[in-house]
Amino acid sequence: MTKTKQRSSTSALLRYLGVRLALLIPTVLILVTVVFMLMRVTGDPITAAQGGRLPPDELEARKEAAGYNRPIWVQYFDYLGSILRGDFGTSFKDGRPISQVILTNGAATLELVIYALIVALLVGIPLGRLAARYHDRLPDVTIRTIAVLVYAAPVFFVGLLLKLLFSTSLGWLPASGRASTETVLALDKRGSSNIMIIDAISSGQWDYIQDVLKHAVLPSFALGLLTAGVFIRLVRINLLETLRTDYVTAARARGVVERRVVSKHAFRNALIPVVTVMGMEIALMLGGAILTETTFEWDGLGYQLSQFLLARDFVAVQGVVTFIALIIAAASFLIDVINALVDPRVRY
C-alpha cells in the first residue's frame, strides 16, 4: 500500500513538472517576442544609436550591412536563431558581445542579488515570526509598520538614505563600487571569477574579504529590505493562519508548550508560501538591481543596462533584457519544482 502511494506521488510529481516545462516554452517565446517588438517600436537600432550623427548614405550603408533593411519578420526569426546559439548581439557602445557583458557583469548582479536575498531572509523571517507570536501587541504593530515602510519606499530612496547616513554622515561604510581600487587591482592580478567575494576568499587575505563585504553592505540592505517587507507580512499571516488550524489546537491540547507548537508544528508550513513568493521576488530584485546598482555604481548587469539606455544602444538593451527575461522564466520553473517537492498537494 505504501509503495503504491509512493509510485502515485512520484507519477503526479513527474506529470506536474512535465506540464510546467511544457508551459515554460511558450512563456519564453512570448517574453522574447515582446522584448524584440518593444525594442523595434522606435525603429532600427542603428538609426536610434547613430541617427543625426552620420550622413544619410553612411547610415543606410550600415543598416544594409547589419541586415536592418530586411523585413521585420526575417529579422525576428534571425534573432530567435541567434538566441538559440547563445548570441545576444554586440554592443554599439563598446563593441563587446552581449554574452561577454552577461558573463562579466551578470556575475556582479548575481552576487548582489544573493547578498540581498540573504538580508531579506535574515530580516524578514525572524521578524515575521516575532510579529505572529505577539499578535496585535506592540512588537507586532511596530514590525508591521516597519514592513510597510520598507516595502513602500522606492529602492533608490532607501539606497540614497543609507548612503547619506552610513557613508556621508558617519563614514562607516563605502558609498560606491564593489571594492576599493587597491583590492580590485590585487584580485585582478590573481585572476578574476567576476564574483568579488569568491576572489577575495580564494586570495586568503582578510583585508580583501573585509573590503569586499564593507562595499556590499549598503547595496545589499537597500535591495534586500524591499523583499524583507514582503517576507515579514507573508510569514506573519501564514503563521497566524497555521496556528488556528485543528492539528495545532490538538497539539496544544496534548500539553505541547507554545514555543514547540510554533517551531515544530506551524513554522514549516508557514514557510511554504515564502518559497513560492521567493521566485517572484527574485524577479523584482533583478528589476530593483538596476536602480540599486546605479545608485551605488555597482558594476553589474543593471548598471550596464542603464549605461546602454543612456547611449541608446538598443541592441545591447534587447540582449540584456532578453537574458533577464529568460532568467526570470527559469527561476519561476525552479521555484515550481521546489514548491512541488516541499508541498505534495501542489502536484495534484
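Helices are taken here as DSSP runs of H or I at least four residues long, numbered from the N terminus. On this basis, the predicted model contains 14 helices and zero strands. Read along the sequence, the chain accordingly follows the pattern α-α-α-α-α-α-α-α-α-α-α-α-α-α. The C-alpha trace spans about 85 × 60 × 40 Å along its principal axes. Of the 348 residues in the chain, 44% count as buried. Among the contacts with a separation of 6 or more, 73% are accounted for by residues 24 or more positions apart. The chain exposes about 18,800 Å², of which carbon and sulfur atoms supply 66%.

Helix α9, formed by residues 196-203, illustrates how burial is distributed around a helix axis. Its buried residues are Met196, Ile197, Asp199, Ala200 and Ser203. These residues lie on the same side of α9, because they cover an arc of only 160° around the axis. Ile201 and Ser202, by contrast, are exposed on the other side of α9. The cover over the buried residues of α9 includes α5 (98-133), α8 (181-189) and α10 (206-243). Gly204 follows α9, and the phi of Gly204 is positive, near 75°.

A polar residue in another helix was examined next. Gln75 is located in helix α4, which comprises residues 72-84. With a relative accessible area of 7%, Gln75 falls under the 20% limit and is therefore buried. The side chain of Gln75 reaches the backbone oxygen of Arg70 at 2.8 Å, a distance within the 3.5 Å cut-off for a polar contact between N or O atoms. When neighbours within four places in sequence are left aside, Gln75 is in contact with Phe36, Arg40, Gly67, Tyr68 and Arg70. Arg70 thus appears both as the residue whose backbone oxygen is reached by the side chain of Gln75 and among the residues in contact with Gln75.

Attention then turned to the surface of the model. A nonpolar surface patch of about 470 Å² is made by Phe156, Phe157, Leu160, Leu161 and Leu291. Helix α7, spanning residues 155-169, gives the most to this nonpolar patch, contributing four residues. Leu161, one of the residues that make the patch, is found in helix α7.

Definitions and conventions:
Residues numbered from 1 in each chain as written. Predicted model: local features only at pLDDT ≥ 70, side-chain atom pairs only at ≥ 80, totals over all residues. Heavy atoms only, no water. Buried < 20%, exposed > 50% of the residue type's maximum accessible area, 1.4 Å probe, protein only. Helix = DSSP H or I, 4+ residues; strand = E, 2+ residues; numbered from the N terminus. Arc of directions from axis to C-beta. Contact = heavy atoms within 4.5 Å. Polar contact = N/O pair within 3.5 Å; in protein donor to acceptor, adjacent residues only side chain to side chain. Patch = residues over 30% accessible without salt bridge, like charges linked within 9 Å, V, L, I, M, F, W, Y side chains within 5 Å. Areas by Shrake-Rupley, 256 points an atom, 1.4 Å probe, with all protein chains shown as cover. Salt bridge = Lys/Arg side-chain N within 4 Å of Asp/Glu carboxyl O.
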